[in-house]
Amino acid sequence: MYVCLCKGITDRQIKAAIDNGASSIGQLRKALGVASQCGKCSSMTREILDEALNSEAPMINGLPQFYAVA
């Protein structure tokens, strides 16, 4: 789904940038240009970012990272 209509940025692009290390709105803005024009997409971008950062399996370079529990 399109999140930023001004720049044509989708939720998949945002998630991919997060998976590749972006961990803040500023980093997403620098990487994709999201929330850099009218700003209406910033709340949805924040929701996607928060959801991704609070997920059970962290992602690094698009791959889930699992931890062994001793």
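**Group meeting: a walk through the predicted model**

The protein has 3 helices and 4 strands. This is a predicted model, so please keep that in mind throughout. Along the sequence, the order of elements is β-β-α-α-α-β-β. There are 70 residues, and 27% of them count as buried. Now take the contacts with a sequence separation of 6 or more. Of those, 47% join residues 24 or more positions apart.

Let me start at strand β2. This strand covers residues 9-10, and T10 belongs to it. Is T10 buried or exposed? T10 is buried, because its relative accessible area is 18% and the cut-off for buried is under 20%. What does T10 touch, once residues up to four places away in sequence are set aside? The list is M1, Y2 and V3.

Next comes D11. This residue sits in helix α1. D11 has a relative accessibility of 14%, so D11 counts as buried too. Leave out residues up to four places away in sequence again, and D11 touches M1, V3 and I48. Remember I48. We meet that residue again at the helix contact.

D11 also has a charged partner. Its side chain forms a salt bridge with the side chain of K15, at 3.9 Å from N to O. The cut-off for a salt bridge is 4 Å. Where are the two partners? Both are in helix α1, residues 11-19, and they are 4 residues apart, about one turn of the helix. Their exposure is worth a look. D11 is buried at 14%, while K15 is partly exposed at 38% relative accessibility.

In general, side chains of opposite charge can pair when their charged atoms come close.

How many salt bridges does the count give? The count comes to 2. The other pair to show you is R46 with D50, where the closest N and O atoms are 3.6 Å apart. Why about one helical turn between R46 and D50? Because they are 4 residues apart in helix α3, which spans residues 42-53. On exposure, R46 is partly exposed at 37% relative accessibility. D50 is partly exposed as well, with a relative accessible area of 33%.

Now, the packing of helices α1 and α3. Their axes come within 10 Å and cross at roughly 45°. That angle makes α1 oblique to α3. Which hand does the crossing have? The crossing of α1 and α3 is right-handed. Who makes the contact? From α1 we have D11, I14, K15 and I18. From α3 we have T45, I48, L49, A52 and L53. Sorted by class, the contact has 6 nonpolar, 1 polar and 2 charged residues. Note that D11 and K15, the salt-bridge pair in α1, are both on the contact list.

Staying with α1, which of its residues are buried? They are D11, I14, A17, I18 and D19. Among these, D11, I14 and I18 take part in the contact with α3. Just after α1 comes G21, with a positive phi of about 120°.

Last stop: the loop between α2 and α3. Helix α2 covers 25-32, and G33 lies in the loop that follows, before α3. Is G33 buried or exposed? G33 is buried, with a relative accessible area of 13%. Set aside its neighbours within four places in sequence, and G33 is in contact with K7, I9 and L28. There is also a distance to quote for G33 and G8. They are 25 residues apart along the chain, and their C-alpha atoms are separated by 9.6 Å.

A35 lies in that loop between α2 and α3 as well. What is the phi of A35? Phi is near 60°, a positive value in a residue other than glycine. A35 is at 12% relative accessibility, so A35 counts as buried.

To wrap up, three points. The salt-bridge count is 2, with one pair being D11 and K15 and another R46 and D50. Helices α1 and α3 make a right-handed crossing. And the loop between α2 and α3 holds G33 and A35, with G33 buried and A35 buried.

Terms used
Residues numbered from 1 in each chain as written. Predicted model: local features only at pLDDT ≥ 70, side-chain atom pairs only at ≥ 80, totals over all residues. Heavy atoms only, no water. Helix = DSSP H or I, 4+ residues; strand = E, 2+ residues; numbered from the N terminus. Buried < 20%, exposed > 50% of the residue type's maximum accessible area, 1.4 Å probe, protein only. Contact = heavy atoms within 4.5 Å. Axes fitted to C-alpha atoms, helices over the stretch in contact; angles between N-to-C directions. Parallel < 35°, antiparallel > 145°, perpendicular 65-115°, else oblique. Left-handed = near helix turned anticlockwise from the far one by under 90°. Nonpolar A, V, L, I, M, F, W, Y, C, P; charged D, E, K, R; others polar.
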